[in-house]
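Biologist: I have a new model open and would love a friendly tour. Could you show me the structure before we start?

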Amino acid sequence: QVLLVESGGGLVQAGDSLRLSCPASGRTLSIATMGWFRQAPGKEREFVAAISWSGGSTYYADSVKGRFTISRDNAKNTVYLQMNSLKPEDTAVYYCAASTSYYLGIHEYDYWGQGTQVTVSS
């Protein structure tokens, strides 16, 4: 009942920045937490960042702290991921996800987007 569509990925060089966007539609009132995940080739999907939809509290993976910033615009039903100082190891398909749970820690999310490719060259 919630549709998520990521955009903003691309091919950049190390040190560059990108901003990913993920507007939500459908039963958006059921969303308590929104998050970003990523999956690199040959690796498991990993958690990147999460934000409380109402309060704006955030939680980050250690690998992106200080470089990535998650934010949301409730009026636009959109969550963003600002990625600065990108590294080749950030290369992955990035997925937007929504959860009906208020828990910001790693957990099973209920809705997922289709993913957007981020490629960082060295």
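**A tour in questions**

Modeller: Let's start with Ser-30, which is found in the loop between β3 and β4; strands are DSSP runs (E, at least two residues), just as helices are runs of H or I of at least four, numbered from the N terminus. This is a predicted model, where local features need pLDDT of at least 70, side-chain atom pairs count only at pLDDT 80 or more, and totals for chains, interfaces and linings use all residues. Residues are numbered from 1 along each chain as its sequence is written, and side-chain values use heavy atoms, leaving out hydrogens and water.

Biologist: Is Ser-30 buried, exposed or partly exposed?

Modeller: Buried means under 20% relative accessible area and exposed over 50%, with partly exposed in between (1.4 Å probe, protein chains only). Ser-30 has 29% relative accessibility, so Ser-30 counts as partly exposed.

Biologist: Which residues does Ser-30 touch, not counting those up to four places away in sequence?

Modeller: Contact means heavy atoms within 4.5 Å. Sequence distance can mislead here: Ser-30 and Ser-101 are 71 residues apart in sequence, but 9.2 Å apart in space, C-alpha to C-alpha. Beyond the residues up to four places away, Ser-30 touches Val-2, Ser-99 and Thr-100.

Biologist: Moving on to β4, how many of its residues are buried?

Modeller: The strand β4 covers residues 33-39. This strand is mostly covered, and of its seven residues the number buried is six.

Biologist: What is the bridge partner of Trp-36 in β9?

Modeller: Two strands pair if DSSP finds at least two bridges between them. β4 runs antiparallel to β5, joined by six bridges, and there Trp-36 has Ala-49 as its partner. β4 also pairs with β9 in the antiparallel sense, over seven bridges. In β9, the partner of Trp-36 is Cys-96.

Biologist: What is the strand order in the open sheet of four strands?

Modeller: Its pairing is antiparallel, and its edge strands, β1 (2-4) and β7 (68-73), each pair on one side only. Three bridges join β1 to β3, and one example is Val-2, whose partner in β3 is Gly-26. The order is β1-β3-β8-β7.

Biologist: How many aromatic pairs are there?

Modeller: Rings of Phe, Tyr and Trp (its six-membered ring) pair if their centres lie within 6.5 Å; planes under 30 degrees apart count as stacked, over 60 as edge-to-face and the rest as tilted. By this rule, the count is five.

Biologist: How far apart in sequence are the parts tied together by Phe-37 and Phe-47?

Modeller: These two rings form an edge-to-face pair, 5.6 Å centre to centre with 75° between the planes. Both Phe-37 and Phe-47 are buried. Phe-37 lies in β4 and Phe-47 in β5, so the pair ties together parts whose separation is 10 residues.

Biologist: And what about Phe-37 and Tyr-109: how many residues apart in sequence are the parts they tie together?

Modeller: This pair is edge-to-face too, at 5.0 Å centre to centre and 80° between the planes. Tyr-109 sits in the loop between β9 and β10, while Phe-37 is in β4, so the parts tied together have a sequence separation of 72 residues.

Biologist: Over which ring, 4.0 Å from its centre, does the charged end of Arg-45 sit?

Modeller: A charge sits over a ring if NZ of Lys or CZ of Arg is within 6 Å of the ring centre and within 35 degrees of the ring normal. The charged end of Arg-45 sits over the ring of Trp-112 at 4.6 Å from its centre. At 4.0 Å, the ring is that of Tyr-95.
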